[in-house]
Amino acid sequence: QQHEAPRRVKRAWVIPPISVSENHKRIPHLLVQIKSDKQQPGGVIYSIKGPGVDEEPLGIFSIDKFSGKVFLNAMLDREENDRFRLKAFALDLGGVTLEDPTDLEIIVVDQNDNRPLFRQDVFTGRVVEGAEPGTCVMTVDATDADDPDTDNAVVRYSILEQGAGGMFSINATTGEICTARPGLDRETMGVYNLTVQAADMSGDGLTTTAMAVIYLEDINDNPPEFTKEEFSVEVEEQAVGVDVGKVFVHDKDLAGSPNWLAKFTILEGDPEGAFTIRTDPHTNDGVLSVAKVGAGQPGGSGWGVPWLGLTLGPSLQPLDHEVRDRFELTVSVQNERPLEPTAPASPRALATMRVQVRDVNEAPVFRENPRRISVLEGTPPGTPITTYTASDPDTRQLQTLTYTLLYDPADWLRLDPHTGTIRTKRELLHPSAFLQGGWYIALVLARDDAEPPLSATGTLSIEILEVNDHAPVLQPPAALLCGRPGRGGTLLLGATDDDWSPTVLPSISSSAPSTRSSPATGASPASTVKGRSRVGVLLHRGCWGTPAQPRSLSAVTHAVLAVLAELPEGLYSLPLLLRDSGTPPREQQQLLNVSVCHCGREGTCEDGDAYDINQLRHPELFSPRVKPPLRRDAPLSSATPLAPRKLPSGPSDIEDFINEGLEAADSDPSVPPYDTALIYDYEGSGSVASPLSSIISSLTDEDQDYDYLTEWGPRFRRLADLYG
């Protein structure tokens, strides 16, 4: 196998790199002459190609095609193109290649034609005041577009100007700025403006400058100080929650910061806590105010009348010129944030604040509010019940107080406008719609005669004490009872008392033998039957007992009437004595009217006539001997006929008799409501009037004449058409 020997390139055709300085101004400038060893008759044609010739940037280089001289035709900028790589060609006159193309490299030599450039015009940094030397704050940096491998791009930094003191230094190589000396004080100089320089050629070449702004951050190294040692203000007495005046302070630390914000304290001169002091966040001054002291503070108390929709708020204890007309307060000031340990003590951390309390007209005051008294019900008109007066706090002013009734809903009272004495205008009755839980509320207004006049309201609470002026009333006054012992022959009796007091309890006792009306003779005199042998009264204390002999009831509210022996049917009247437990006790005798019926198997009364005619023949045995209580569900108040009722003298009086019974039933609280159907009377026999059944005695319509319906008007026209 034969190997092709490497072709030998002639030394004349190999072109070494050519260097040319940027910014060369003498153009055209000969760079090199290339030459081929293969000379031909007639000569050799030379050419070059590549960037700067036939590629962008065009026209930088050219060649003489006959001599092979290469020329620079324009100024070069290394920062744009630091080298050019071209191809050189050698041809004969016929265009045939004589030599292989060879490389032609042109290197642009750097010149220091670029200044260093800072990355920004102004650099900003911060450092706390009082920082130790060597505390680094910030770094400035610059760049140089020249060849980094030459001194043309080697940058060094320096501080040209920073003001007096030389508080900062800069690292010439890195551009880091640090504190150089102690004593940085924001209150003396809060901002430092440094002029820094960057120079190439290791500091000896081209230069540029920038600003480095350094802000000192505040620390609490200055305590607040009062602007003077004493302050004087005035305030009116009775003022509550108002601003009195200001104390002024100065703090050198940064305004608005916690190092600057002041906090005030009242140290002496106000043991009652009449004043408060706060900081104005905008001016940092201390604002003295009157506090809401006394019962208005948490833990205070007020009194109201909720059911009147009236609330009397908690009373305040404001400034009182008559009690104390001046205050001398010692006030201290300090910062919200603690002082630095190195900060000096303040020579003006305390100040005196003198407060003068001016005298003004004050409203009267009821020292006892509310005033509570007790009055017996039924107290006669004109009786003095109390003297309710107020006092005038203005002891140094001559004033007169007058009184009026502001609220007296029942118009029960009369008030002397000069003395405040209150008398009854009419009897205070019990119960009353104007009482709440037995109390009557009135309001008294006290007014002074100053200009303008001031007033105060006092509450008078009157307890109306119950007087035992009502005897108990038996309930029910009449009843139906089975006449067989042990088979339903018991009846629960009770009593009511119009006296309000729940401690006054009624009691019931059997006071006389029972009487029985004779069913055979009707109105003949009743025969007497020993009640103790036939009927017993039992004490009832919440449960049923067994029949026993009647005895006096003491401090109980119910009794049980029991049949002890079998009784014939009929009407019985049992006299009972009712007594309450009041002081003095009230009592009255009442009759209990009992209708004894025929007993059924279950111990209940068997059905019989709808009404017992004996109640009409002997109404005096059934009607109560006192006026029955007015029924609360009756629509109208009506009079009740007195008992015993008089029997009708003739048939024409039956209607009046029944109407009187209806009225008595409507007024009786022991019977069903007034709109309940009741049986009022028994028709009886042999009446002159026609029986009710005569209305339907005729069985056919033909027996009736309905022509009169046409005369009754348009409302009966339809009925007249049907039956007329």
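The disulfide between Cys597 and Cys605 is left-handed, with -70° about the S-S bond. This is a predicted model, and its sulfur atoms at Cys597 and Cys605 sit 1.5 Å apart. The two partners differ in burial. Cys597 is buried, at 12% relative accessible area. Cys605 is partly exposed, at 25%. The cut-off explains the labels: buried means under 20%, so Cys597 falls below it, while Cys605 at 25% does not.

A second link involves Cys599. Here Cys482 is joined to Cys599, with an S to S distance of 1.5 Å. The torsion about this S-S bond is about 140°, so the disulfide of Cys482 and Cys599 is right-handed. Cys482 belongs to strand S36, residues 478-482. Cys599 lies in the loop between strand S44 (587-597) and helix H2 (614-617). The pair therefore ties together parts that are 117 residues apart in sequence. Both ends are shielded: Cys482 is buried at 3% relative accessibility, and Cys599 is buried at 6%.

The remaining link joins Cys136 to Cys178, S to S 2.2 Å. The angle about its S-S bond is 75°, and the link of Cys136 and Cys178 is right-handed. Cys136 is in strand S10 (residues 136-139) and Cys178 is in strand S14 (residues 176-179), so this bond ties together parts that are 42 residues apart in sequence. How exposed or buried are Cys136 and Cys178? Cys136 is partly exposed, with a relative accessible area of 39%. Cys178 counts as buried, at 12%.

Now take the links together. The count comes to 3 disulfides. A disulfide is a covalent bond between the sulfur atoms of two cysteines. Which pattern do the disulfides of the chain follow? With bonded cysteines counted along the chain, the pattern is 1-2, 3-5, 4-6.

Next, the backbone. Two peptide bonds that lead into prolines deserve a look. The bond from Ile27 to Pro28 is cis, with omega near -5°. Pro28 is in the loop between strand S1 (18-21) and strand S2 (29-33). The bond from Glu451 to Pro452 is also cis, with omega near -5°. Where does Pro452 lie? Pro452 is found in the loop between strand S33 (439-447) and strand S34 (455-465).

The phi angles bring up another loop. Met201 has phi near 55°, a positive value in a residue other than glycine. Met201 is placed in the loop between strand S15 (191-199) and strand S16 (207-217). Ser202 is not a glycine either, yet its phi is positive, at about 60°. Ser202 is found in the loop between S15 and S16. Are Met201 and Ser202 buried, exposed or partly exposed? Met201 counts as partly exposed, at 30% relative accessibility. Ser202 counts as partly exposed too, at 35%.

To trace these features in the model, begin at Pro28, in the loop between S1 and S2. Then turn to the link of Cys136 and Cys178, which joins strands S10 and S14. Look next at the loop between S15 and S16, the place of Met201 and Ser202. Pro452 follows, in the loop between S33 and S34. Finish with the disulfides of Cys482 and Cys599 and of Cys597 and Cys605.

Definitions and conventions:
Residues are numbered from 1 along each chain as its sequence is written. This is a predicted model: local features need pLDDT of at least 70, side-chain atom pairs count only at pLDDT 80 or more; totals for chains, interfaces and linings use all residues. Side-chain values use heavy atoms; hydrogens and water are left out. Helices (H or I, at least four residues) and strands (E, at least two) are DSSP runs, numbered from the N terminus. Buried means under 20% relative accessible area, exposed over 50%, partly exposed in between (1.4 Å probe, protein chains only). A disulfide is a pair of cysteine sulfur atoms within 2.5 Å.
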